[in-house]
Each structure stands twice: as C-alpha cells, then as structure tokens.
Amino acid sequence: MLISRPRGTNDILPGDAGKWRHAEATFREVCRRYSYGEIRTPVFEHTELFQRGVGESTDIVQKEMYTFTDRGNRSITLKAEGTAPTVRAYLENKLHADPQPVKMFYICPIFRYERPQAGRLRQHHQLGVEAIGSAQPSVDVETIALAMDFFEMVGLRGLEVRLNSIGCPRCRSAYRERLVKYLSAKEGLCPDCSRRLVQNPLRVLDCKRPECRALVQDSPAMGDYLCDECSVHLAHVQEYLGGLQVPFDLDPHLVRGLDYYTRTVFEIVHGALGAQGSVCSGGRYDGLAQECGGPPTPGVGFGLGIERLIMALEGSGVSLPGQEEAQCFVAMAGDRGCDAVTLVRDIRRHGIQAEMDHMDRSLKAQMRHAGRLGVRYTVIVGDEEAIKRRALVKEMASGQQEEVPFDKVGSFIAERIGV
C-alpha cells in the first residue's frame with residue numbers, strides 16, 4: 001500500500017458519517033436553546049497562546065503539541081484544545097463590548113501527539129462551549145446542564161457528574177504546599193509525577209497510573225483549603241445542581257490537566273468506556289484572559305470528544321443513523337440519458353434523495369439495482385415514455401405503476417413521500 005493514513009488518525013466513511021451528523025446536529029440544537037452562538041477559530045494558532053494559556057508544565061505543551069516553524073520563521077501549533085483560541089478571539093475581537101456573558105460553541109478538530117487509544121486519536125474532534133464574562137456560579141451550572149441535556153437528547157443514559165473546586169490562586173498556594181509535603185514523604189511516584197511534584201503538583205492527582213493513584217488516595221483534599229469566596233461559590237454550584245435535580249458526586253481529588261482552571265472543575269463519566277470513562281470535562285478559567293494578555297475576565301466551559309461519545313452510544317446499544325439511502329431511482333432504457341439527467345435533477349429539487357444509473361446497466365439490471373438500494377419509487381424512461389413525455393413511476397413495495405408527465409414527476413413523488 002503506497003498511501004495509508006497517518007497513525008492516530010481515522011477516516012470517517014459515508015456509512016459512519018450519519019452518526020457524526022446526528023451528534024453535531026443535536027449539539028447545535030441544544031446550544032441554540034441555551035443561546036450559544038457558533039464560533040470558528042483557525043485550525044492553527046501562534047504557539048505562545050498554548051504555552052501561556054494552557055501552561056508550560058502541562059503534558060500538552062511539553063509532549064503533545066504539533067508545532068512547526070512556518071516560512072515566516074514563526075512558531076505555529078495545530079489547535080491543541082478549544083478554550084484558549086476562543087478566549088483569544090474574544091479578546092482580539094473586543095467581544096467584551098457585547099452583552100455579557102458572551103456564550104459560544106464550537107465543533108472542531110483537535111491535534112495532540114499522544115499514544116493512540118480507543119476514542120483518543122492524534123486528530124480527534126471536539127464539541128465545546130465557552131461562556132466568557134461572568135463569574136457567577138449559575139453559569140457553571142448552566143454549562144453542566146447543557147451537557148446533560150445534550151446527552152439526554154442524543155440518547156446516552158447512565159451518566160455520572162463528578163465535581164470539585166480547585167480554588168483560586170490565593171487559596172491554592174496553601175494547598176499546594178501541603179500536597180507537596182505529603183507527596184514528598186511518599187515513594188513510588190512515576191517519573192512524570194516526580195517532575196510534576198516540582199513543576200505542578202496538582203497534576204499528580206490526575207495521573208492515571210495505578211501506583212500514583214494509590215499514593216494520592218489519602219492525600220489532603222483541596223476542599224479543606226478553600227477560601228471563603230471559593231467555598232461559597234462551590235456551595236452555590238451544588239445548590240443549583242440540586243435544584244435542577246442533576247445528580248453529582250464531590251470528588252476531592254478531581255483536577256484538570258490544564259493550568260488555566262480555577263474553582264469549579266467537573267467531569268461527566270460513562271461506564272461503557274471502562275476505567276477512563278470521561279465523555280465530557282470542563283470547568284472555570286478566570287485567569288486565562290490575563291494569561292493571554294487581556295484584562296481580568298472570568299469564563300467557564302467544557303469539551304467533549306465526538307469519537308468517545310459515539311463509542312459510548314454504541315456501547316450502550318443506542319441506535320444511530322447510518323448513510324441515508326436514496327428514495328427514488330430513475331431508470332432509463334436505450335439512449336435516454338438526457339431525459340434521465342433532467343428528471344433526476346428536478347426530483348432532487350423537490351427535496352427528494354434521488355439516484356440514476358451511471359454504469360451503463362441494462363434496464364433489467366437497473367431495476368435490480370433500484371431494489372438493492374431500497375428506494376420507494378423507480379421512475380422508468382424508455383422510448384415510448386420519451387415520445388409521450390410521460391414517465392412511468394413505480395411504487396416498489398406494491399408494484400403499482402402510474403404514468404406522470406415529465407414536469408410533474410418531482411411534485412408527484414414529493415407529495416407521496418411527504419417531503
């Protein structure tokens with residue numbers, strides 16, 4: 001094979017694309033209901049945006065970014081996550097002048113150089129929302145509610161919300177000091193976590209290796225170190241979620257892998273994905289705008305991978321749409337290609353999915369092909385029909401046939417299909 005796709009990427013074939021369209025259309029509809037407008041940012045950004053926004057010590061920046069130098073000798077990085085580019089766009093386009101908060105959603109590819117695994121590819125695709133400009137806990141809860149409503153509409157059940165607060169820079173420093181003291185007395189951290197202990201100790205809590213998870217099981221909890229403002233914020237988030245009857249579990253060791261998070265962090269997990277069952281994760285990032293060179297601007301959002309979502313849906317036995325089949329087939333006898341091309345275009349203009357022969361099959365073979373396609377109607381055009389300018393329209397299920405003027409075929413079928 002001379003050409004094959006790069007490792008960690010996937011082809012979405014026509015038979016599977018219907019699942020993606022279903023997920024994306026459902027997400028767009030939920031976002032519309034919540035008054036989130038769509039934003040489309042470039043597929044690449046200046047590398048500094050991710051270095052400053054995501055954090056120099058994160059695995060994403062240190063190990064996973066696709067970074068290259070362009071012909072202008074600028075360092076460019078393929079989109080490694082969706083939040084920093086959205087905040088950059090908010091600042092650059094002066095969206096702070098719009099009514100706040102500015103609520104945006106995106107559907108985009110994400111690029112990370114990591115070991116490919118089920119549902120986690122080097123190019124994967126993400127649905128995300130960002131609400132920028134409000135520090136109120138009600139916005140935190142709205143993003144969680146939006147995600148849960150989306151999962152309900154798309155058919156995914158059995159979800160669990162895990163919630164925590166990682167505080168603000170003021171109260172986190174005391175917790176960081178206590179956590180480092182606790183972990184420094186332990187032995188057996190993996191090499192990555194030994195580095196994180198110096199650079200970013202909270203990231204140790206996010207390690208998935210069994211030896212590290214065992215060590216942090218009894219580590220100090222951030223909740224014991226929250227300042228009054230962060231404690232009140234978390235209490236309101238819990239109160240509002242309770243009011244919405246959204247069940248959740250407080251996870252004192254839940255953190256996120258990016259440096260910009262503050263206060264609320266959450267994950268939504270599903271059992272069909274096994275040990276690493278997260279289908280959605282997010283939280284608040286009140287300091288990110290400043291890291292990007294803007295004024296203090298609070299924000300909150302989430303991201304969810306489409307690949308993992310489809311895996312969870314299929315693992316739960318949820319029926320997903322496949323490729324749409326043609327509703328009508330135009331079959332022609334003899335040299336009637338011009339009439340067939342004209343008819344099939346008119347039928348399509350009536351909103352009907354229609355097909356015709358492109359393989360020079362005999363009329364008998366065309367009828368067999370129409371049967372395999374499962375169309376509801378076949379339009380037959382032969383010499384006699386061409387002379388009379390009246391096509392023979394056959395309902396495939398009943399076998400009933402009716403002569404219809406050429407210029408009425410589209411409307412005739414549309415009326416019966418209910419388009």
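Start with the whole chain in cartoon: the secondary structure of the protein chain comes to 15 helices and 16 strands, where helices (H or I, at least four residues) and strands (E, at least two) are DSSP runs numbered from the N terminus. With a radius of gyration of 28 Å, well over the 22 Å that the globule rule gives for 419 residues, the protein chain is more spread out than a compact globule. That radius is taken over C-alpha atoms, and the globule rule is 2.2 Å times the number of residues to the power 0.38.

This is a predicted model, in which local features need pLDDT of at least 70 and side-chain atom pairs count only at pLDDT 80 or more, while totals for chains, interfaces and linings use all residues. Residues are numbered from 1 along each chain as its sequence is written, and side-chain values use heavy atoms, with hydrogens and water left out.

**The overall view**

Turn the model along its principal axes: the C-alpha atoms fill a box of roughly 90 × 55 × 40 Å. Switch on the surface and you have about 20700 Å² exposed, with carbon and sulfur atoms supplying 49% of it; accessible areas come from the Shrake-Rupley method with a 1.4 Å probe, and for residues only the protein chains shown count as cover. Of the 419 residues, 50% count as buried, meaning under 20% relative accessible area, with exposed over 50% and partly exposed in between (1.4 Å probe, protein chains only). Residues 24 or more positions apart account for 70% of the contacts with a separation of 6 or more, a contact being heavy atoms within 4.5 Å.

**First stop: the largest core**

Select Phe27, Leu146, Phe150, Phe151, Ile268, Phe302 and Leu309. These have the most contacts inside the largest nonpolar core, which has 92 residues. Such a core is a set of buried Ala, Val, Leu, Ile, Met, Phe, Trp, Tyr and Cys residues joined through side-chain atoms within 4.5 Å. Now colour helix α5 (residues 137–154), which gives this core its largest share, 10 residues.

Zoom in on Phe150. Leaving aside neighbours within four places in sequence, Phe150 is in contact with Ala23, Thr26, Phe27, Val30, Leu127, Leu304 and Leu309.

From there, hop to Val30, which is found in helix α1 and is buried, with a relative accessible area of 2%. Not counting residues up to four places away in sequence, Val30 touches Leu146, Asp149, Phe150 and Met153. Draw a C-alpha to C-alpha distance from Val30 to Met153: 8.4 Å in space, for 123 residues in sequence.

While you have α1 (14–33) on screen, look at the segment before it for Pro6. Pro6 counts as exposed at 57% relative accessibility. Its C-alpha atom is separated by 26 Å from that of Glu48, 42 residues apart along the chain.

**Second stop: a cis peptide bond**

Go to the loop between α4 (83–92) and β5 (102–111), the place of Pro101. The peptide bond from Gln100 to Pro101 is cis, with omega near -5°.

**Third stop: the second core and α15**

Back to nonpolar cores: the largest has 92 residues. A second, separate core of 22 residues includes Leu343, Ile347, Val409 and Phe412.

Select helix α15 (residues 409–417) and show its buried residues: Val409, Gly410, Phe412, Ile413, Ala414 and Ile417. What do the buried residues of α15 pack against? Add β12 (328–332), α12 (337–349), β14 (377–381), β15 (390–395) and β16 (401–405) to the view. Just after α15, Gly418 takes a positive phi of about 90°.

**Last stop: Asp339, Arg389 and Asp360**

In helix α12, pick Asp339. Is Asp339 buried or exposed? Asp339 is buried, with a relative accessible area of 10%. Apart from neighbours within four places in sequence, Asp339 is in contact with Val381, Ala386, Arg389 and Phe406.

Follow that to Arg389, in the loop between α14 (383–388) and β15. Arg389 is partly exposed, with a relative accessible area of 42%, and its phi is near 60°, a positive value in a residue other than glycine.

Finish with Asp360, in the loop between β13 (354–356) and α13 (363–373). Its phi is near 55°, again positive in a residue other than glycine, and Asp360 is exposed, with a relative accessible area of 76%. For context, most residues other than glycine have a negative phi, and most peptide bonds are trans.
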